[in-house]
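User: I'm new to this structure and would like to learn how to read it. Could you walk me through it step by step?

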Amino acid sequence: MSGTRLFFAVCLLLSALLIVTQLPVLQPMKAMPPAPAVGMGVWQARGCEGCHTLWGQGGAFAPDLTQIYEQRGGDYLREFLANPQAFHVGQRQMPSFGLTRSETDNLLAFLQWAGEQAAGSAWPPQAIVVSGGGGLSGSGVVDALPAVDLSDPVERGRLVFSQPPAICSTCHSLEADVTIVGPSLAGVATRAGERIPGESAEEYLRISIIKPGVYIVPGFEDVMQKNFGDVLTSEQINDLIAFLMTLTSEVEPG
Ligand code: HEC
Ligand code: HEC
């Protein structure tokens with residue numbers, strides 16, 4: 001009888017210890033203080049995320065604002081939000097929202113908070129270096145980038161994949177089983193031909209890029225930008241497809 005009790009006591013102690021030691025691991029983000037929490041409500045109520053991203057989530061119409069507080073500072077942001085059209089004339093313009101003083105205060109507290117969390121979690125994610133990417137010295141520092149043959153569509157597509165304006169690599173890894181925001185694209189050339197009956201791999205990839213909402217990979221959200229057909233030239237899209245078509249399951253990507 002007392003043996004059973006001892007057993008339970010030891011179990012209880014062990015699980016308490018486990019919880020205490022795991023707590024910092026389970027809660028990487030600090031709890032949100034009141035002002036940022038209210039600011040997040042304003043952010044959502046005013047539809048800021050319809051045009052802007054934070055940590056990559058939201059609309060792709062306007063700049064990502066994860067680090068904006070650190071980059072611009074509170075004074076600048078206050079003036080910008082009061083009269084966005086006075087800034088960056090000739091670019092895409094942001095509408096005025098007629099925010100109240102306290103809405104602005106809380107929004108700025110939220111943006112500051114967002115940037116602080118991001119500093120700890122290294123947003124934006126860096127492109128993952130794939131095996132065979134070349135130029136990696138033992139120390140992990142890139143010492144020599146391989147020369148790129150720009151007459152080769154596959155090589156051009158590889159660049160489109162990892163560079164602005166698309167930076168597909170922000171959301172897609174080329175390592176098998178590494179999920180960032182979207183699925184890993186390792187082996188996608190092999191999968192693509194089997195996704196939709198009657199649709200070739202190339203056709204599926206093209207639709208996935210220019211109309212990502214048409215087919216949603218099970219288990220993922222429909223968050224891929226819908227404007228790649230506008231921001232990329234048709235040559236860039238063809239190059240991207242040529243590159244993705246090299247990512248077969250048998251061959252290591254890279
Ligand atoms: C209809 C689309 C749209 C919505 C909604 C929107 N913005 Fe913007 N925002 C833009 C565009 C476009 C720009 C870039 C224009 C510029 O920099 O002048 C921008 C730029 C910004 C900038 C950066 C200014 C700079 O100089 O770097 C901040 C900060 C910002 N928006 C905050 C907000 C906040 C906060 C909200 C919600 C209250 C919001 N935006 C809602 C379109 C939008
Ligand atoms: C903001 C994050 C994000 C970016 C940037 C992004 N994607 Fe995606 N992508 C996703 C998500 C999430 C899915 C899964 C949901 C879906 O099917 O739309 C996806 C799905 C895909 C698929 C379908 C994969 C499959 O297994 O069927 C392809 C192909 C693809 N993306 C290619 C690209 C290319 C090429 C780019 C750059 C031009 C790109 N993506 C940029 C998030 C992103």
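User: Which helices each supply at least two residues of the shell around ligand 1?

Analyst: Some ground rules before that. This is a predicted model, where local features need pLDDT of at least 70 and side-chain atom pairs count only at pLDDT 80 or more, while totals for chains, interfaces and linings use all residues. Residues are numbered from 1 along each chain as its sequence is written, chains are lettered from A and ligands numbered from 1 in the order in which they are written, and side-chain values use heavy atoms, with hydrogens and water left out.

Helices (H or I, at least four residues) and strands (E, at least two) are DSSP runs, numbered from the N terminus. Here, the helices you're after are H3 (68-72) and H4 (74-82). H4 gives the largest share of the shell, four residues.

User: Which residues come nearest to ligand 1?

Analyst: A residue is near a molecule if one of its heavy atoms lies within 4 Å of it. There are 23 residues around ligand 1, and Cys-48, Cys-51, His-52, Tyr-76 and Met-94 come nearest.

User: Which side chains have a polar atom by an oxygen atom of ligand 1?

Analyst: A polar contact is a pair of N or O atoms within 3.5 Å. Arg-72 has a polar side-chain atom 3.0 Å from an oxygen atom of ligand 1, and for His-88 the distance to an oxygen atom of the ligand is 2.7 Å.

User: What are the protein donors of the iron atom of ligand 1?

Analyst: Donors are N, O and S atoms within 2.8 Å of the metal (3.2 Å for Na, K and Ca); water is not among the atoms, so sites may look incomplete. The protein provides His-52 (NE2) and Met-94 (SD), 1.9 to 2.0 Å from the iron. His-52 sits in the loop between H2 (34-45) and S1 (53-54), and Met-94 in the loop between H4 and H5 (101-121), so the pair ties together parts 42 residues apart in sequence.

User: Why is the arrangement called octahedral?

Analyst: Six donors count as octahedral if opposite donors are over 155 degrees apart and all others between 65 and 115. Ideal angles for six octahedral donors are 90 or 180 degrees. Around this iron, the six donor atoms subtend angles of 88 to 179 degrees, which makes the arrangement octahedral.

User: Is His-52 buried or exposed?

Analyst: Buried means under 20% relative accessible area, exposed over 50%, partly exposed in between (1.4 Å probe, protein chains only). His-52, at 10%, counts as buried, and Met-94 is buried too, at 18%. Across the protein chain, buried residues make up 30% of the 254 residues.

Terms used: A polar contact is a pair of N or O atoms within 3.5 Å; within protein, one must be able to donate a hydrogen and the other to accept it, and residues adjacent in sequence count only if both atoms are side-chain atoms. Four donors count as tetrahedral if all angles lie between 85 and 135 degrees; four count as square planar and six as octahedral if opposite donors are over 155 degrees apart and all others between 65 and 115; anything else is irregular.
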